[in-house]
Every structure is written in structure tokens, then in C-alpha cells.
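Here's a quick briefing to skim before you load the coordinates. It goes through confidence, fold content, overall dimensions, packing and charge, in that order.

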Amino acid sequence: MMRARPDIVAEQAAHWIVQLSADDPAEREQARAGYAAWKAADPLHATTAAGMENLLGQLHAVREPAGGDHRPARAALAAIAPQ
Amino acid sequence: MSTIQPSLQQQVQSLYSDHHGWLVGWLRKKLSCPHGAADLAQDTFLRIITSRDALFGMREPRAYLTTIAKRLLLDRARRQVLERAYLAELALLADSLPGAPSPDEVLMAVQALEQIAGALAGLCVKARDAFLLHYLEELPQAAVAAQLNVSTRMVQKYLVQALLACRHACPGMAA
């Protein structure tokens, strides 16, 4: 089955973003360069990447009312998590 | 709603005039709160108008209305549980915070969490945990791997999965 191009691009973007926060500094550095080149190669890459970064930005923002503490957000998610 | 077709508009209007009062009564019995019942009835009709195609060939309008209203009731209950848990934990931190968070900030956080919870609901527990431990708690990938008793490579797979699930379920957040 042929997969839609936006889905393929989203998967690539997700892989890059995960590499960006790898534990090894050399790996992170390599990912930063690769990610930048990948984004520059195609406008769809750039918009997909921006969307995913925005999503993570909003996830981080849920800690803001708690001054950056993650515990209220964690507790809230745990309260309605499916078992 | 300028794009709405007259025929659809008429259908909504007759649905509204025939069943709105009945739906509010039904919801009032469920909620024991007249304002909540009126709001939810409003939301139910709004949902119907925005879904548009749902009206055609509707045989049992009241069964249909209650199906949607029940779903909204469930969403609302879930949001209340989420919000209560968030606020309870936030209250524990109140003394260590420089100032009280604004209601707007809290509302935004609760709404985002609701969306994220929905997106993560379809994932396995480890993928969900990996995502939250890494991106919310900012644990390094190897630490997440140790906590979940999987390889770092597996953690990365989970993170990709979760990112894609969020993008899929919350297109508004990934725009």
C-alpha cells in the first residue's frame, strides 16, 4: 500500500526530533546538522518540522503554571489514563 | 456559518425546535444543574451543525441526540477529573511558586493535557511513559530506557510513535 507523503515526511521529522535529544553530544550535534539540511531541502519538511516542534512546545507549556514543575501535568494525565 | 446550505439549515432548525427542549430536560435529569444542561444541549447542536453530513437520513433524532450528548457528558467528566488532579497537585506546589498562575494559563494547560491524553490513549503503556518521561520530565533517553526496562533504541521508537500519534490526534497543536 502506498503511504501518503505527508505521513512519510512526518515520520522522518519525528526521527530527527528524537535524535536531537539523544544522550550522546556527538550524536546530537550530528542530528542538528542533518535536521537543518533536511528541513532546508523541502518546504514540506520545514512546515512538518515546525508543526512537531510546536506540539512539543505546547507540551512543555503545560508545566508553566507550576513554574516548570511537571508533577501537576503528570498527575492530571495519570488521573484519566486508560488502564 | 455562511457556507451552510438552506436545506441543512432547515433540518437543523426543525431538529432544534422539535427536540431542543426535550434534550435539555433529558440532560437536566443527568446533571442536576440547569446551566450545565443548557450548555451541553447547545454543544450537542453545535456538534451536529459542524459535522453536517450526519443529519441526512436520520431516523431516530432523539437517540442520535442522546448519543452525542452522552459522549459530551463523558468528555466533560474526564476534563473535570483531569482538571481536579492538576489543580490539586498545583496547590501542593503553591508555596514554592513565585506567584499564583493565572486562570487562563491553567485553562490552556488543562486543554492541552486533554488533547495529549486523547492522543496517547491509543499507545501502549511503555510508549506513553517513554514520551512523558522524556519530553515532560526531561529524563535522558538512557534513563527512560532503564526505568522502562527496554533498550534506548526502543525508547527512541516509542518517542517517534508518540510524536506521530500526537500529530495525528491533535492537528491543531501540530500546525
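pLDDT is the predictor's confidence in each residue, on a scale from 0 to 100. You'll want that in mind, since this is a predicted model. For chain B the mean pLDDT is 88, with 93% of its residues at 70 or more.

**Confidence**
- For the complex, the predictor reports an ipTM of 0.94 along with a pTM of 0.83.
- Looking at the elements of chain B, the lowest mean pLDDT, 86, goes to helix α1 (residues 6–31) of chain B.
- At the other end, helix α6 (residues 141–148) of chain B gets the highest mean, 98.
- As a general caution, predicted coordinates shouldn't be read in detail where pLDDT is low.

**Secondary structure**
- Chain A comes out with four helices and zero strands, so from the N terminus its pattern is simply α-α-α-α under the DSSP run definition.
- Chain B has seven helices, again with zero strands, and reads α-α-α-α-α-α-α along the sequence.

**Dimensions**
- Chain A has a radius of gyration of 16 Å, whereas a compact globule of 83 residues would have one near 12 Å.
- The C-alpha trace of chain A spans about 40 × 35 × 20 Å along its principal axes.
- Chain B has a radius of gyration of 21 Å, against a value near 16 Å for a compact globule of 175 residues.
- Along its own principal axes, the C-alpha trace of chain B covers about 60 × 40 × 30 Å.

**Packing and contacts**
- In chain A, 36% of the 83 residues are buried.
- In chain B, buried residues account for 39% of the 175.
- Take the contacts in chain A between residues at least 6 apart in sequence: 41% of them join residues at least 24 apart.
- With that cut on sequence separation applied to chain B, 60% of the contacts link residues at least 24 apart.

**Surface**
- Chain A exposes about 4400 Å², and carbon and sulfur atoms supply 58% of that area.
- Chain B has an accessible surface of about 9900 Å², with 55% belonging to carbon and sulfur atoms.

**Charge**
- Chain A carries 8 positive and 10 negative charges, and the mean positions of these two sets sit 3 Å apart.
- Chain B carries 18 positive and 15 negative charges, with their mean positions 11 Å apart.

Conventions: Residues are numbered from 1 along each chain as its sequence is written. Chains are lettered from A and ligands numbered from 1 in the order in which they are written. This is a predicted model: local features need pLDDT of at least 70, side-chain atom pairs count only at pLDDT 80 or more; totals for chains, interfaces and linings use all residues. Side-chain values use heavy atoms; hydrogens and water are left out. Helices (H or I, at least four residues) and strands (E, at least two) are DSSP runs, numbered from the N terminus. The radius of gyration is taken over C-alpha atoms; the globule rule is 2.2 Å times the number of residues to the power 0.38. Buried means under 20% relative accessible area, exposed over 50%, partly exposed in between (1.4 Å probe, protein chains only). Contact means heavy atoms within 4.5 Å. Accessible areas come from the Shrake-Rupley method with a 1.4 Å probe; for residues, only the protein chains shown count as cover. Lys and Arg count as positive and Asp and Glu as negative; His and the chain ends are not counted. The place of a charge is taken as NZ of Lys, CZ of Arg, CG of Asp or CD of Glu.
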